[in-house]
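Visitor: I would like to talk through a structure with a bound ligand. Could we put it on screen and begin with the contacts?

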Amino acid sequence: MTTSQLSTPHVLGIKYLTESDIQLIFETAESFKEVINRPIKKVPSLRDVTVANLFFEYSTRTRLSFELAEKRLSADVVNFSASSSSVKKWETLLDTVNNILSMKVDMVVMRHPAPGAPAFLSRHIDAHIINAGDGTHEHPTQALLDAFSMREKLGDLAGKKVAIMGDILHSRVALSNIFCLQKLGAQVVVCGPPTLIPKYIDRMGVGVEYNLRRALEWCDVANILRIQLERQDIKYFPSLREYAQFYGVNKQLLNSLKKEVVIMHPGPINRGVEITSDVADSDQSIILQQVENGVAIRMAILYLLAAKR
Ligand code: CP
């Protein structure tokens, strides 16, 4: 049964959300999706609430999506980017954030390269924290918008088969998706070269498949992840060309399957590496629906956390 309040004051990871929390976020996002498709897309729900978007790492989709969600809810918004701040003068994370909070901020959306940075902040400051991606740990809003998009396409996710493909080792999207899909009763398989699959991941209750065709034959949904070269300090495979040959999803391969697989990607896409353009831009792909749903999911989370003030 869905409750009317989130069980937690922060959204630090899917690991810390209950199934009821997830269903509540989905129900709230459905209402907001209706709002953002109206001619007048703005509601006054977060008037008098100030949100700081603190991005210590690059982002396009998540950052714009949060800012749009906040503005659609009539929040006051301040944006911070580490590359143009006093972080460059060695200011600590806690000092930076405490200075921002002194300006009377109610909620913080944070992306940071260090796993656990949002959890650290939540123990030291009196504001609701939303994790917008912490290193290789979690990216909860991405997993929620992914599951919401799958549910829109396929209905109830219980028993559905989802293959997460690519660089699982360095992916926060993979971990959050695994937690989220399992809470919703879906079956999960991870697929990629052995060097990019974490040892013992099967102990999380996910299947492991090293063969791309077999994974595609098994699944209802393929969530394709990019190779995170910026997090790789050693070579995990000989070349991008060879990776594309063995793990790139292309139209010829999809056409040879005897069924239609839903294609997803959190972005940014490396066209011609993990996915070809004819797949990314095909009718099977719901990549842009994921982006649209991201705004509704983030509006829902902001709204539900503000209700706990
Ligand atoms: N999906 C995602 O997190 O994209 P950005 O890095 O552009 O925010």
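Guide: In this predicted model, a polar side-chain atom of Arg111 lies 2.8 Å from an oxygen atom of the ligand.

Visitor: How far from an oxygen atom of the ligand is the polar side-chain atom of Thr62?

Guide: For Thr62, the distance from a polar side-chain atom to a ligand oxygen is 2.6 Å.

Visitor: And which backbone lies 3.2 Å from a nitrogen atom of the ligand?

Guide: That is Gly267, which places a polar backbone atom 3.2 Å from a ligand nitrogen. The ligand has 250 Å² of accessible area on its own, and the protein covers 91% of it.

Visitor: Which pocket does the ligand sit in?

Guide: The ligand occupies the largest pocket. The residues around the ligand are Ser59, Thr60, Arg61, Thr62, Arg111, His139, Gln142, Pro266 and Gly267.

Visitor: How does that shell divide by class?

Guide: The shell around the ligand comprises 6 polar, 2 charged and 1 nonpolar residues.

Visitor: Which domains does the shell draw on?

Guide: Domain 1 (14–139 + 291–306) and domain 2 (140–290) each contribute at least three residues to the shell.

Visitor: Changing topic: how many cavities of 30 Å³ or more does a search of the whole structure find?

Guide: The search returns 1 cavity of 30 Å³ or more. The largest cavity has a volume of about 40 Å³.

Visitor: What lines the largest cavity?

Guide: Its lining consists of Met165, Gly166, Cys191, Gly192, Leu212, Ile224, Tyr243, Tyr247, Val249 and Glu274. By class, the lining of the largest cavity has 7 nonpolar, 2 polar and 1 charged residues.

Notes:
Residues numbered from 1 in each chain as written. Predicted model: local features only at pLDDT ≥ 70, side-chain atom pairs only at ≥ 80, totals over all residues. Heavy atoms only, no water. Near = heavy atom within 4 Å. Polar contact = N/O pair within 3.5 Å; in protein donor to acceptor, adjacent residues only side chain to side chain. Areas by Shrake-Rupley, 256 points an atom, 1.4 Å probe, with all protein chains shown as cover. 1 Å grid on protein atoms, 1.4 Å probe; cavity = no way out; pocket = protein on both sides within 12 Å on 5 of 7 lines; lining within 4 Å. Sits in = over half its atoms within 2 Å of the grid points. Nonpolar A, V, L, I, M, F, W, Y, C, P; charged D, E, K, R; others polar. Domains from an automatic or database assignment. Points joined across faces, edges and corners; volume = space filled by probe spheres on them.
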